[in-house]
Amino acid sequence: PPQILWTIVRGDSAVFKVYVTDDAKAALDLSAWTIDLEIRRGADLIVALEPAPAVDDGLGYFTVSLLPEQSEILQTEDIFDIQLFDGLTTVWTVAQGSISMIEDVTGAPTTS
């Protein structure tokens with residue numbers, strides 16, 4: 001699977017899109033697939049996400065979204081993978097990667 005270095009600013013939202021094709025290089029219809037992403041530190045599960053196609057995603061695309069409170073607990077060198085499951089017998093790891101954290105400079109916004 002492709003290797004990704006996901007750079008995230010601590011305390012920020014983070015989003016990226018993934019494009020998946022079948023063996024014939026045609027965009028995969030993801031409507032029947034379950035998508036899971038786990039971020040781990042060693043053997044420990046830190047964050048579990050269920051990415052899904054967004055309204056504006058085309059065929060074969062899905063969006064991975066991380067909330068600010070989730071990015072607060074991540075560390076550089078945490079690892080992740082993204083797996084598709086067809087609901088029957090096929091489990092397919094479509095990407096793997098590691099996290100690179102950047103410390104926030106401005107801090108969280110405040111409300112008056």
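**Strand 2.** Select residues 14–19, which form strand 2. You are looking at a predicted model. Colour A14, F16 and V18 first: they make up the covered face of strand 2. Now colour V15, K17 and Y19, which sit on the uncovered face. The pattern fits a general rule: in a regular strand the side chains alternate between the two faces of the sheet.

**Across to strand 5.** Add residues 61–66, which are strand 5. Strand 2 and strand 5 run antiparallel and are paired by six bridges. To find one register point, select Y19, whose bridge partner in strand 5 is Y61.

**T63.** Stay in strand 5 and pick T63. Is T63 buried or exposed? T63 counts as buried because its relative accessibility is 11%, and the cut-off for buried is under 20%. Show side chains here. The T63 side chain has a polar contact with the side chain of K17, at 3.0 Å. K17 belongs to the uncovered face of strand 2. Next, display what surrounds T63, ignoring residues within four places in sequence. T63 contacts V15, F16 and K17. Its other contacts are P51, A52, P53, A54 and D57.

**Strand 6.** Move to residues 79–85, strand 6. F80, I82 and L84 line its covered face. I79, D81, Q83 and F85 line its uncovered face.

**I82.** Select I82 in strand 6. How much relative accessible area does I82 have? The value is 0%, so I82 is buried. Leave out residues up to four places away in sequence and show the contacts. I82 touches F16 and V18, both on the covered face of strand 2. I82 also touches I35, D36 and L37, then F62 and V64. W92, T93, V94 and A95 complete the list. For a distance check, draw a C-alpha to C-alpha line from I82 to P51: it reads 8.8 Å, across 31 residues of sequence. P51 is also among the contacts of T63.

**Strand 3, on one side of the pairing.** Select residues 34–41 for strand 3. Strand 3 pairs with strand 6 in the antiparallel sense, over seven bridges. L37 stands opposite I82 here.

**The first hairpin on this tour.** Add residues 44–49, strand 4. Strand 3 and strand 4 run antiparallel, joined by five bridges. E38 has A48 as its bridge partner in strand 4. Two residues separate the strands of this hairpin, and G42 in the turn has a positive phi of about 65°.

**The second hairpin on this tour.** Return to strand 6 and add strand 7, residues 91–102. These two strands run antiparallel and share seven bridges. L84 stands opposite W92 in strand 7. W92 is also one of the contacts of I82. Five residues lie between the strands of this hairpin, with G87 in the turn at a positive phi of about 85°.

**Zoom out.** Show the whole chain. What order do the elements follow from the N terminus? They run β-β-β-β-β-α-β-β, giving one helix and seven strands. The C-alpha trace spans about 50 × 35 × 20 Å along its principal axes. Of the 112 residues, 29% count as buried. Among contacts with a separation of 6 or more, 65% come from residues 24 or more positions apart.

**Surface and charge.** Turn on the surface. The chain exposes about 7,000 Å², and carbon and sulfur atoms supply 54% of that. Finish by colouring charges: there are 5 positive and 18 negative side chains. The centres of the two sets lie 4 Å apart.

Key: Residues are numbered from 1 along each chain as its sequence is written. This is a predicted model: local features need pLDDT of at least 70, side-chain atom pairs count only at pLDDT 80 or more; totals for chains, interfaces and linings use all residues. Side-chain values use heavy atoms; hydrogens and water are left out. Helices (H or I, at least four residues) and strands (E, at least two) are DSSP runs, numbered from the N terminus. Buried means under 20% relative accessible area, exposed over 50%, partly exposed in between (1.4 Å probe, protein chains only). Contact means heavy atoms within 4.5 Å. Accessible areas come from the Shrake-Rupley method with a 1.4 Å probe; for residues, only the protein chains shown count as cover. Lys and Arg count as positive and Asp and Glu as negative; His and the chain ends are not counted. The place of a charge is taken as NZ of Lys, CZ of Arg, CG of Asp or CD of Glu. A polar contact is a pair of N or O atoms within 3.5 Å; within protein, one must be able to donate a hydrogen and the other to accept it, and residues adjacent in sequence count only if both atoms are side-chain atoms. Two strands pair if DSSP finds at least two bridges between them.
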